[in-house]
Amino acid sequence: MASDPSTPAPYDGFDRMPIGGTWRPGNAGKTATDTDPYTGATLTEISLADAGDLDEAYATAKEAQREWAARLPSDRADVMRRAARIMEARKDEIVDWHIKESGAAAPAAEFEFAITLRDFHEASSYPYRMEGRILPADIEGKESRVYRRPVGVVAVISPWNVPMHLSNRSVAPALALGNAVVLKPAGDTPVTGGLLLAKVYEEAGLPPGLLSVVIGAGRDIGDAIVSHPTPRVVSFTGSTPVGKGIAEKAGLKKLSLELGGNGPLVVLDDADLEYAVDAAVFGKFFHQGQVCMITNRIVVDAAVHDEFVDRYVERVRGLKAGDPTEADTVIGPIINAKQLEGIQEKVAQARDDGAQQLLGGDPTGPIGSVLPPHVLLGTNDVATARQEVFGPVATIIRARDEAEALSIANDTEYGLSSAVFTRDTLRGVNFALQVEAGMTHVNDSPLNDENNTAFGGEKDSGLGRFGGEWAIEEFTTDHWISVQHTRRQFPF
């Protein structure tokens, strides 16, 4: 049977990376194997980059950025629009890569495709939104201007859990605003987190050298990508400990950090329980719970606690865990053995802390990487409530009343995303305003991401905001230029 001529040939060459405008192997003398977390099958092998490769990427980026920033806004916008069209034409290919590299079940893979596509649409407007200002001056004859300019070169370090979007939500705005980018994706997802994205940009006509992808061991390039003198902004998404380390190494660079979370979903005594249960199931078990803004703790008013628990356990018991290529699978594999072991250790510790396990089980699948959904009852002091689990483990906490529910929600060093359920919208908003988080959703799960609004956290959950006007602020800088139109009288 002849192939569909409208379907583009799949991308290949994922054993190399784009460094300084050329796709080539790295020079570290080491090779990394990229595997399917469900089957263990090898997807590709990549010769890793070293510090010399990183130097080349930064030098080329710095040179290419000058001409790129001088291009018409329409040139940069057109690249983003073409990239969006390419994404749509290659949807099946891109979704398939997410399933087999990150272990995303169909709902998560489809979500990531859609939000990455929206990254391009949103970024296509940015070249026209770099607004300057003319300000009043107290010196006779002076005109005071503030120009908004690209920062130059941006370093982006992205995680494995939502790899393509969490790279592109920084890469697309940075490029659209006239910067160059050096991207280091996570070792577990080098293709979806970097190489696949680079192929899309290349096909869309992005000039060579503006986007380099460096894949390498942390000890070889991890510190150097941050401490290198060339980038002016470091955009990182990942764990809080690593984020704090980046802050120590970055010097006087601008930091955009989205770090860990311990999201509370609060159910007040007047909530629609059926709806709250649905949201809490989705908000906990989407993508195996491997999302920074996922529900980590479910805090329920004592008046409705028992009924909520009964309904929740019944719903969770029906979730299918297994092969992510099967359409009805909800919970796929954990990304790697180390991550799985860490989740199991937290569950065991929570039981030792006094938590009651209502649902659970041992890992299954060809390589034992699928952890079935777990539900525990406990306090805010058990391990699975104190710590970010990043797995399919829900901890339900009883609160005496609304005041204690708020206290429990805020009793964490994190402050990323959160939610509250109530039939009274005003009550919900008043509650939300008291939550110490960057994002709180009334009658929805904490799992929300819109490309045009302020995404980010408080406390140990990060610095800065992604999306919309906030992304423009992150990847540009202000340049004050004054013009003295008349001769000024100086005091001496």
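Let's start with three phenylalanines: Phe111, Phe282 and Phe286 form one aromatic cluster. Please keep in mind that what we have on screen is a predicted model. Searching the whole structure turns up 8 aromatic pairs, and I'd like to walk you through two of them.

In the first, phenylalanine 120 meets tyrosine 201 edge-to-face, with 5.3 Å from centre to centre and 65° between the planes. Where do these two rings sit along the chain? Phenylalanine 120 belongs to helix α4, residues 106-123, while tyrosine 201 belongs to helix α6, residues 190-203. They are 81 residues apart, and the pair links distant parts of the chain. Phenylalanine 120 is buried, at a relative accessible area of 0%. Tyrosine 201 is buried too, at 0%.

The second pair is tyrosine 275 with phenylalanine 421. Why do we call this pair edge-to-face? The ring centres are 5.6 Å apart, and the planes meet at 65°; the cut-off for edge-to-face is over 60 degrees, so the label fits. Tyrosine 275 is in helix α9, residues 273-285, and phenylalanine 421 is in strand β18, residues 417-421, so this pair ties together parts 146 residues apart in sequence. Are the two partners buried or exposed? Tyrosine 275 counts as partly exposed, with 38% relative accessibility, whereas phenylalanine 421 counts as buried, with 1%.

While we're on rings, have a look at two lysines. Lysine 100 lies over the face of tryptophan 97, 4.3 Å from the ring centre. Lysine 199 lies over the face of tryptophan 23, and there the distance to the ring centre is 4.1 Å.

Now let's go inside. In soluble globular proteins, nonpolar side chains tend to be buried together. In this model, the largest nonpolar core has 87 residues. Which of them touch the most other members? They are Phe120, Val181, Leu195, Tyr201, Val214 and Ile225. You'll recognise Phe120 and Tyr201 from our first aromatic pair. The element that gives the most to this core is α6, with 7 residues.

Take leucine 195 as an example. If we leave aside neighbours within four places in sequence, leucine 195 is in contact with Phe14, Arg16, Met17, Pro18, Trp23, Ile46, Pro190, Val213 and Ile215. There is also a second, separate core of 27 residues, and among its members are Val267, Leu273, Val309 and Val313.

Leu273 brings us back to helix α9. Here's a small check you can do yourselves: why does the length of α9 make sense? The helix has 13 residues, and at 1.5 Å a residue they should span 18 Å; the end C-alpha atoms are 18 Å apart, so the two agree. The buried residues of α9 are Leu273, Ala276, Val277, Ala279, Ala280, Val281, Gly283, Lys284 and Phe285. They pack against β12, β13, α10, β15, β16 and β18.

Both ends of α9 have something to show. At the N-terminal end, aspartate 272 acts as a cap, with a side-chain oxygen 3.3 Å from the backbone nitrogen of glutamate 274. Just after the helix, histidine 287 takes a positive phi of about 50°. Next comes glutamine 288, in the loop between α9 and β13. Its phi is near 60°, a positive value in a residue other than glycine. Glutamine 288 is buried, at 0% relative accessible area.

Phenylalanine 390 also has a positive phi, near 60°. You'll find phenylalanine 390 in the loop between α12 and β16. With a relative accessible area of 14%, phenylalanine 390 is buried, because the cut-off is under 20%.

My last stop is helix α8, residues 240-249, where Thr240, Gly243, Gly245 and Ile246 are buried. The partners these buried residues pack against are β7, α7, β10, β11 and β17. At the start of α8, a side-chain oxygen of serine 239 comes within 3.3 Å of the backbone nitrogen of valine 242. Just after α8, glycine 251 has a positive phi of about 70°.

Let's zoom in on isoleucine 246. At 6% relative accessibility, isoleucine 246 counts as buried. What does it touch, apart from neighbours within four places in sequence? The contacts of isoleucine 246 are Ile157, Val226, Val234, Phe236, Leu255 and Leu257. And serine 227, 19 residues away along the chain, has its C-alpha atom 8.5 Å from that of isoleucine 246. Thanks for listening!

Notes: Residues numbered from 1 in each chain as written. Predicted model: local features only at pLDDT ≥ 70, side-chain atom pairs only at ≥ 80, totals over all residues. Heavy atoms only, no water. Phe/Tyr/Trp six-rings, centres within 6.5 Å; stacked < 30°, edge-to-face > 60°. Helix = DSSP H or I, 4+ residues; strand = E, 2+ residues; numbered from the N terminus. Buried < 20%, exposed > 50% of the residue type's maximum accessible area, 1.4 Å probe, protein only. Lys NZ or Arg CZ within 6 Å of the ring centre and 35° of its normal. Contact = heavy atoms within 4.5 Å. Polar contact = N/O pair within 3.5 Å; in protein donor to acceptor, adjacent residues only side chain to side chain. Core = buried A, V, L, I, M, F, W, Y, C linked by side-chain atoms within 4.5 Å. Expected span 1.5 Å × (residues − 1).
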